[in-house]
Amino acid sequence: MNIKKQFWKTIYYWIRYLNYDVISREKDDQEIWLSNKKKKSIVIFSNYVTTTQEIRFDKSKIIENKEKIESNVGYKPSSIQFYYFTDKSITTDALDGTYPLKLKFKIINEDRDLERAMPNVFLTKLFKRDDSKKTAISYRNKVLSNNILDKHMQRFSPVTYILIISNVILWLCMILYFNRFSDIKLLDVGGLVHFNVVHGEWYRLVTSMFLHFNFEHILMNMLSLYIFGKIVESVLGSWKMLAIYLFAGIFGNFVSLSFNTTTISVGASGAIFGLIGSIFAILYLSKTFDKRVIGQLLIALVILIGLSLFMSNINVMAHLGGFIGGLLITLIGYYFNVNRNIFWILLIVLLVLFVAMQIRIFSIKEDNIYDKLIRDQMLSGHYDEAKKIVNQSIKKDYADDQTYYLSGLITATKSSKAEAMADWERGLRYFPNSATLNYEMAIANRSLKDNDKALKYIKKAVKANPKNSQYKNLEKELSEKSDS
């Protein structure tokens, strides 16, 4: 066994996969102390021991300095484990103890000893992977790196990876299913739209976070998620990172709904900007990141914002909302345990913003997204696609008078004016006071020389919209013909 390489490799794996931090370097880096504050665990790796007597001395030293160790790490350790890497045949019989500390001692003479010492099967399999191209020095450099950003980036981040994989798989499924993207298809699979959300489709606040417009869109977002997700997950933990990600994404979507009423919004960028907001909160709270690290993060943020300016369909309000959401929820989580007065102030601010957004969302003028999509298809000459959207809107009970008006125009273009009139009459059964539909029926009946019926419809149109000069002129014209 290459003792030196396995020594540094094991320490690296404990840091990367088990979230330990280096807290002490002893005896010219022949003894490395690691700590996991959440688990209240200390692990000591050594490659200098040659006799059992030295191990006994280590044990007595730990027990004698128990209070000093607790003061240095900031918690009372639940266990301290020793891993001795040596080619000497040493026994640790009767050395393990539980009082006044839980102490465990393990001798690593060969690879199988190391495999047995692994805390779980997952880490054992990872450790057995071929790493012949890596050296002890490469592992040592990673372990002892002074760059805080590098330390966080090398940590294993399962939630970040799961989120990236989920987004990519969904993207590939959409490619296979749709072949090409369109607004109506993104709307069908869960895109965020003001009209649908205010009609009760709240699930879109979440589903829209996992959809993307095109390859550039998902590539940009997944690269950003990889960087900022790993940092937040390393600092705060997997579950907290996931909570911040989802909360910020939903909060950003609420902000988007407060301002955008005619667009379909998709993408993970609101949630990603929430992670960036969380990082800024961490920088403010920890005060441990040096200027170099802050500069690196700011450069990454500037590049992200700069590249986004060259992409279409960018939802700036979702980005801003996500950033604010991530910043606030991180600060709220921190001050819950540290300062309840600040916690309540921030929570009230968050609730006020949330209530204000709900008032805004449900009070601004509602635009029927389906009517917009129908018009877009008609302008592109895709009348069959436009008709499908009409039918879909009617089936969902989202149709309004404009939907039936557009349906009639489509029918008039593809079939006949008589069938178009049937569409408008159908619409008038649901919307009898529609100025648009009554006006179209007046125009159609006038063209058929049925001035009396035309006059009846135009009077309803003028009554519904008395300020429309076009309606008033037609009413005057038909009234004069009727009098003559």
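Colleague: How many nonpolar, polar and charged residues are there in the lining of the second largest pocket?

Modeller: That lining has nine nonpolar, four polar and one charged residues. Bear in mind that this is a predicted model.

Colleague: OK, and how much space lies in that second largest pocket?

Modeller: About 420 Å³. It's lined by 14 residues, and the closest to its centre are Leu236, Lys240, Thr330, Gly333 and Tyr334.

Colleague: Which helix gives the most to the lining of the second largest pocket?

Modeller: That's H16, with five residues. H16 covers residues 316–338, and H12, H13 and H14 also supply at least two residues each to that lining.

Colleague: Let's move up to the largest pocket. What volume does it have?

Modeller: Its volume is about 1,200 Å³. There are 37 residues lining it, and if you want to find the centre, look for Asp21, His152, Arg155, Ser234 and Val235, the closest ones to it.

Colleague: How does the lining of the largest pocket split by class?

Modeller: You get 17 nonpolar, eleven polar and nine charged residues there.

Colleague: Which helices and strands each supply at least two residues of that lining?

Modeller: Quite a list! From the start of the chain there's helix H1 (3–18), then strands E1 (21–26) and E2 (31–36). Further along come helices H6 (136–143), H7 (148–153), H12 (215–236), H13 (238–259) and H14 (269–286). H12 has the largest share, four residues.

Colleague: And where does the largest pocket lie relative to domain 1 and domain 2?

Modeller: Domain 1 (3–144) and domain 2 (158–363) both give residues to its lining, so the pocket lies between them.

Colleague: Back to H1 for a sec. Are its residues mostly buried or exposed?

Modeller: Mostly covered: 14 of its 16 residues are buried. The length of H1 works out too, because at 1.5 Å a residue it should span 22 Å, and its end C-alpha atoms are 21 Å apart, which agrees.

Colleague: What follows H1?

Modeller: Asn19, with a positive phi near 60 degrees.

Colleague: Why would I care about a positive phi?

Modeller: Most residues other than glycine have a negative phi. Asp28 is another one with a positive value, near 55 degrees. You'll find Asp28 in the loop between E1 and E2.

Colleague: Is Asp28 buried or exposed?

Modeller: Exposed, because its relative accessibility is 78% and the cut-off for exposed is over 50%.

Colleague: What about Lys40, what's its phi?

Modeller: Lys40 has a positive phi of about 55 degrees, and it isn't a glycine either. Lys40 sits in the loop between E2 and strand E3 (41–46). With a relative accessible area of 42%, Lys40 is partly exposed.

Colleague: New topic. Which residues does UniProt annotate as "transmembrane region"?

Modeller: The unreviewed UniProt entry puts that label on residues 159–178, 209–229, 241–259, 265–286, 293–311, 317–336 and 343–362. In the model, the span 159–178 is 100% helix and 0% strand, with its end C-alpha atoms 28 Å apart. Residues 265–286 come out at 82% helix and 0% strand, with 35 Å between the end C-alpha atoms.

Colleague: Where does UniProt place the "repeat: TPR" feature?

Modeller: At residues 435–468, again from an unreviewed entry. That span is 79% helix and 0% strand, and its end C-alpha atoms lie 10 Å apart.

Colleague: How far does helix H22 reach from its first C-alpha to its last?

Modeller: H22, residues 435–447, reaches 18 Å, close to the 18 Å expected for its 13 residues. Ten of those 13 residues are buried, so H22 is largely enclosed by the rest of the structure. Among the buried ones are Leu437, Tyr439 and Met441.

Colleague: Which residue just after H22 takes a positive phi?

Modeller: Lys449, at about 70 degrees.

Colleague: Last thing: how many cavities of 30 Å³ or more does a search find?

Modeller: Two in the whole structure. The second largest cavity has a volume of about 40 Å³. Residues lining the second largest cavity include Leu192, His194, Ser256 and Asn315. By class, that lining has three nonpolar, six polar and no charged residues.

Technical notes:
Residues are numbered from 1 along each chain as its sequence is written. This is a predicted model: local features need pLDDT of at least 70, side-chain atom pairs count only at pLDDT 80 or more; totals for chains, interfaces and linings use all residues. Side-chain values use heavy atoms; hydrogens and water are left out. On a 1 Å grid over the protein atoms alone, a cavity is a set of points where a 1.4 Å probe fits but cannot get out, and a pocket is an open set with protein on both sides within 12 Å along at least five of seven lines; lining residues have an atom within 4 Å of a point. Grid points are joined across faces, edges and corners, and a volume is the space filled by probe spheres set on the points. Ala, Val, Leu, Ile, Met, Phe, Trp, Tyr, Cys and Pro count as nonpolar, Asp, Glu, Lys and Arg as charged, and the others, Gly among them, as polar. Domain bounds come from an automatic or database domain assignment. UniProt positions are given in the numbering used here, feature names are shortened, and annotations may be inferred rather than shown by experiment. Buried means under 20% relative accessible area, exposed over 50%, partly exposed in between (1.4 Å probe, protein chains only). The expected span of a helix is 1.5 Å times one less than its number of residues.
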